[in-house]
Amino acid sequence: MEESRAQAYLELIHTLLNCPNGEEPKILQDNSELLDVHFLETCELVAEKMAQQGGQNGANFLRNLIAHLAQLIDINDGDNSEGENPQEYANFILELLQAEDGSSNTGVIHSMLAERKHLLNPRFSDILEQVVERLVGGENAKTIDSIVSLVEDLSINISNFSGGNKADNIEIALAAYQVVLNNRQPGSEKFAQTQNNLAAAYITRIKGSRAENVEMAIALYGAVLTVYTLEAFPEDWAMAQNNLAAAYANRINGSRAENIDRAISFFDAALTVRTREQFPEDWAMIQYNLGNAYYDRINGSRDENLEKARSFYEAALTVYTREDFPEYWAMIQKKLANA
């Protein structure tokens, strides 16, 4: 992608995030020449970064925009699978799995993916499944577990890879996680781990219906909690509670008022484990997210909701200080000014 065009994508995203409500359609129309699959990929990268930094509202806006524009843009653009030799895919997959086995450095895998990113297309998923079937055939349980663990590690790296077609990368990760699940014991800890990764991929998915993708994530996180119980896996349980909260905050189906209240209840549950003493940064992020949830809350008194939002933002600032977390500090100051 040309650097100038990449910068134009970022400037358009910034304009959309900061424009008055209702002006988005005109802005998109005026910049229609930028609306392509790479713009969607850039939106997702920005949304992911914003979500990690606590900017859930902005991330939600961008992901809803992606879901809308994906219906208008050919998101399969750039599929170069036609004419490729299946053996080339198989060899590449084997090289990637060997690299996963021999290196814990994500940069090594991403460098390999960048060199042959033209192979990261729908055909990759089909051949990956065939390769794994051949590798696990006739092997003992320990060897199979080792192989599928490498496939899961590769899935994570492909999902996080910023090069190539982001929409296709996520589709490959979804298919690969399913291959892993097919070779895991249902109800086991590792099965739940893969379900959690699969849910995270659905949350960031570009293709398909945004509403349906969020529903899939919610169902998977719910399934994870049947294994990650508070008694057996308290930290993983808290992670799943937090993930469910974020999913309900993003939910399109159902009542918006009820979805926000569900998100609040899951954030509250996560805080029973993610305390300020043991997990200060996680605690602060949940405080910030609770502030956003109460700011957006529909049920209850508006004044009381805003008061709670302010109290959660102020609590987050006890960890997100100006000295240690200047970006978070500035972001919360802006939220407090609006609340």
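## Exercises on cores and helix packing

The largest nonpolar core has 81 residues, and those with the most contacts inside it are Phe39, Leu65, Leu290, Tyr320 and Ile332. The model is predicted.

### Exercise 1

Task: State which residues Leu65 is in contact with, leaving aside neighbours within four places in sequence, and describe the other core.

Solution.
- Start from the largest nonpolar core, where Leu65 is among the residues with the most contacts.
- Leave aside the neighbours of Leu65 within four places in sequence; Leu65 is then in contact with Leu16, Leu28, Phe39 and Cys43.
- Phe39 also belongs to the residues with the most contacts inside the largest core.
- Apart from the largest core lies another core, of 30 residues, including Tyr89, Leu113, Leu120 and Leu150.

### Exercise 2

Task: Locate Asn169, decide whether Asn169 is buried or exposed, and list its surroundings.

Solution.
- Asn169 is part of helix α9, which covers residues 166-182.
- The relative accessibility of Asn169 is 0%, so Asn169 counts as buried; the cut-off for buried is under 20%.
- A polar atom of the Asn169 side chain lies 2.9 Å from the backbone oxygen of Gly163.
- Not counting residues up to four places away in sequence, Asn169 touches Leu120, Ile158, Phe161 and Gly163.
- Of these, Leu120 is among the residues of the core of 30 residues.

### Exercise 3

Task: Classify the packing of helix α7 against helix α8, and name the residues that make the contact.

Solution.
- Two packed helices are described by the angle between their axes and the distance between the axes.
- Helix α7 spans residues 122-136 and helix α8 spans residues 141-160; their axes come within 10 Å and cross at roughly 160°.
- Angles over 145 degrees count as roughly antiparallel, and α7 is therefore roughly antiparallel to α8.
- The α7 and α8 crossing is right-handed.
- On the α7 side the contact is made by Phe124, Val132, Leu135 and Val136, and on the α8 side by Ile144, Ile147, Val151 and Ile158.

### Exercise 4

Task: Classify the packing of helix α5 against α8, and name the residues that meet.

Solution.
- Helix α5 covers residues 86-102, and its axis is 9 Å from that of α8, at an angle of about 100°.
- The range from 65 to 115 degrees counts as roughly perpendicular, so α5 is roughly perpendicular to α8.
- From α5, Leu96, Leu97, Glu100 and Asp101 meet Leu150, Val151, Asp153, Leu154 and Asn157 of α8.
- Val151 of α8 is also one of the residues in the contact with α7.

### Exercise 5

Task: Classify the packing of α9 against helix α10, and give the handedness of the crossing.

Solution.
- Helix α10 spans residues 189-204; α9 and α10 pack with axes 10 Å apart and at an angle of about 160°.
- This makes α9 roughly antiparallel to α10.
- The crossing of α9 and α10 is left-handed.
- Ile170, Leu174, Tyr177, Gln178, Val180 and Leu181 make the contact from α9, while the residues from α10 include Phe191, Gln195, Leu198 and Tyr202.

### Exercise 6

Task: Give the accessibility class of Ala223 and of Arg262, with one C-alpha separation for each.

Solution.
- Ala223 sits in helix α11, residues 210-224, and counts as partly exposed at 24% relative accessibility.
- Gln195 is 28 residues from Ala223 along the chain, and their C-alpha atoms are separated by 7.7 Å.
- Arg262 sits in helix α13, residues 256-271, and counts as partly exposed at 38% relative accessibility.
- Leu244 is 18 residues from Arg262 along the chain, with 8.9 Å between their C-alpha atoms.

Technical notes
Residues are numbered from 1 along each chain as its sequence is written. This is a predicted model: local features need pLDDT of at least 70, side-chain atom pairs count only at pLDDT 80 or more; totals for chains, interfaces and linings use all residues. Side-chain values use heavy atoms; hydrogens and water are left out. A nonpolar core is a set of buried Ala, Val, Leu, Ile, Met, Phe, Trp, Tyr and Cys residues joined through side-chain atoms within 4.5 Å. Buried means under 20% relative accessible area, exposed over 50%, partly exposed in between (1.4 Å probe, protein chains only). Contact means heavy atoms within 4.5 Å. Helices (H or I, at least four residues) and strands (E, at least two) are DSSP runs, numbered from the N terminus. A polar contact is a pair of N or O atoms within 3.5 Å; within protein, one must be able to donate a hydrogen and the other to accept it, and residues adjacent in sequence count only if both atoms are side-chain atoms. Axes are lines fitted to C-alpha atoms, for helices over the stretch in contact, and angles run from 0 to 180 degrees between N-to-C directions. Angles under 35 degrees count as roughly parallel, over 145 as roughly antiparallel, 65 to 115 as roughly perpendicular and the rest as oblique. A crossing is left-handed if the near helix is turned anticlockwise from the far one by less than a right angle, and right-handed if clockwise.
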